[in-house]
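Please walk me through this structure, one region at a time, in a way that suits someone who has not looked at it before.

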Amino acid sequence: MKERVIFHCDANSFFASVEIAKNPEFKNKPVAVSGNPATRTGIILTKNEIAKKFGVLTGEAIWQAKSKCPDLICLEPHYPLYEEYSKKLRKIYEKYTDRVESFGIDECWLDVTDSLKFFGSKECLANKIREEVKSTLNITISVGVSFGKLFAKLGSDLKKPDAVTVISYENYKKLIYPLPINSIIGIGRRLTLRFNKMGITQLSDITTIPDLILKKKFGIIGLDLKQKLLGNDFDIVKKCDDYTPPKSVGNGTTTITDVFTRAEIKSVVSALCDEVSSRLRKNGFNASSLSVTIKTADFKYFHNTTRIPFCTCYNTDLVNEVMKMIDSGWKYNKAVRAIRVCSYNLSKSDNTQLCMFSNEVKNRSLSLCLDKVRNKYGYFAIVPASTIKNPHLNLSKVKCECLN
């Protein structure tokens, strides 16, 4: 069997790099893309290498970053611009293979196994792609090269910026095994704590756990992880035209000021559900399950989920069901600073059976009119009345913060 060659291409400090590419006057200066303190999103989203050398960290407050780097240039994010550059990156990658799988807006896996006969060795091809991105888009990428997706991803993380790292069958144990267990995707804070309680601190430790114990503690995921760390990673890189339907459609926002009352919370929920329902209809989906997460001013969380007795993609239905969840468990006695709504258990609209408990016909007509107006005049041409001049909401931020 032919050994696979998988690349993982990761754009370095993507948001900041794109801003500098569009504004050359910021080159060789410490730059960060950040939120807006006035809307309580004043944190660092990404920073360039120069800012990183001053100790600026992603996720910290702007004032903290500027205390380390007084000359730090903070720019507001321009998401449509980043999406444009993301598409340009993919076009470059697709020149070299028809197997390109996105992993976020700034990362892609490439299976170049069958491309090497045209472009030389794997190191040569990785450097060729890296140099083309740099010369064409004025941003840099790091490329991890390996025989599987997991190690390729790790390779792009090991050496930044503007670098190529090869993890082969010959060197992977030496390079990978001494690393802490949270070095790879799939092992977050909670899983790290669970492993640490077992005395597992580095990646090599996972390969020594007996399968029976690993399966009992972590299920199939644990066994799969062990096999990949042993070099048995056979996950395929999807083709460019493969479409994976989303498992959920959600939206969340941090309010400009704290909200307290049911009416204030409902106005935020209405804005979030309006965006969620619009995206569900745009992609031809209905949802039959919902969740809501509330973050208080003291950073405590309330979370609830429900299975609704019908499938829907309409704002009114979503708002009603989300408010039922909130009413059932929330006391309206604490200040709320952030709310997130998520819909899941998605199905295609044309396969959905109508239900006597949903105002399907009325909602369908109203939503079709709403979509037509927005398609012609833009999303903000018509919005829920409760959100107009709402002192707690920045509607443009609600629109930008939507996540799949």
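In this predicted model, strand E7 and strand E8 (residues 164–166) run parallel and are joined by 3 bridges. One place to pick up this pairing is Val143, whose bridge partner in E8 is Val164. Between the two strands the chain passes from E7 through helix H7 (residues 149–158) to E8, and the β-α-β crossover made in this way is left-handed.

Strand E7 also pairs with strand E1, and here the two strands run antiparallel, with 6 bridges joining them. Within this pairing, His8 has Gly144 in E7 as its bridge partner.

How many of the residues of strand E7 (residues 141–146) are buried? The count is 6 of the 6, so the strand is largely enclosed by the rest of the structure. In a regular strand the side chains alternate between the two faces of the sheet. In E7 both faces are covered, since Ile141, Val143 and Val145 are buried on one side, and Ser142, Gly144 and Ser146 are buried on the other.

The partner strand E1 (residues 6–11) contains Asp10, a residue that counts as buried because its relative accessibility is 7%, and buried means under 20%. The side chain of Asp10 makes a polar contact of 2.7 Å with the side chain of Lys160. Not counting residues up to four places away in sequence, Asp10 touches Ile141 and Ser142, and the residues it touches also include Asp106, Glu107, Thr140, Ser156 and Asp157.

Lys160, the partner of Asp10 in that polar contact, leads into a part of the chain with unusual backbone geometry to consider. Most residues other than glycine have a negative phi, and most peptide bonds are trans. The bond that joins Lys160 and Pro161, however, is a cis peptide bond, with omega about -10 degrees. Pro161 lies in the loop between H7 and E8, and Asp162 is found in the loop between H7 and E8 as well. Phi of Asp162 is near 55 degrees, which is a positive value in a residue other than glycine. Is Asp162 buried, partly exposed or exposed? With a relative accessible area of 23%, Asp162 is partly exposed.

A positive phi also appears in Asn345, where the angle is about 55 degrees although the residue is not a glycine. Asn345 lies in strand E12 (residues 336–348), and at 35% relative accessibility it counts as partly exposed.

Val336 provides a link from here to Tyr301, for the C-alpha atoms of Tyr301 and Val336 are separated by 9.6 Å, while the two residues are 35 residues apart along the chain. Tyr301 is found in strand E11 (residues 301–312), and with a relative accessible area of 58% it is exposed. Leaving aside its neighbours within four places in sequence, Tyr301 is in contact with Thr293, Ile294 and Lys295.

The last stop is the second largest pocket, in which about 480 Å³ of space lies. Its lining is made up of 19 residues, and those nearest its centre are Ser17, Ile20, Lys27, Asn138 and Thr140. Helix H1 (14–22) and helix H2 (49–53) are the elements that give two or more residues to this lining, and the largest share, 3 residues, comes from H1. Thr140, named among the residues nearest the centre of the pocket, is also one of the residues that Asp10 touches.

How values were computed. Residues numbered from 1 in each chain as written. Predicted model: local features only at pLDDT ≥ 70, side-chain atom pairs only at ≥ 80, totals over all residues. Heavy atoms only, no water. Helix = DSSP H or I, 4+ residues; strand = E, 2+ residues; numbered from the N terminus. Buried < 20%, exposed > 50% of the residue type's maximum accessible area, 1.4 Å probe, protein only. Polar contact = N/O pair within 3.5 Å; in protein donor to acceptor, adjacent residues only side chain to side chain. Contact = heavy atoms within 4.5 Å. Pairing = 2+ DSSP bridges. Right-handed = clockwise from strand over helix to strand, strands pointing away. 1 Å grid on protein atoms, 1.4 Å probe; cavity = no way out; pocket = protein on both sides within 12 Å on 5 of 7 lines; lining within 4 Å. Points joined across faces, edges and corners; volume = space filled by probe spheres on them.
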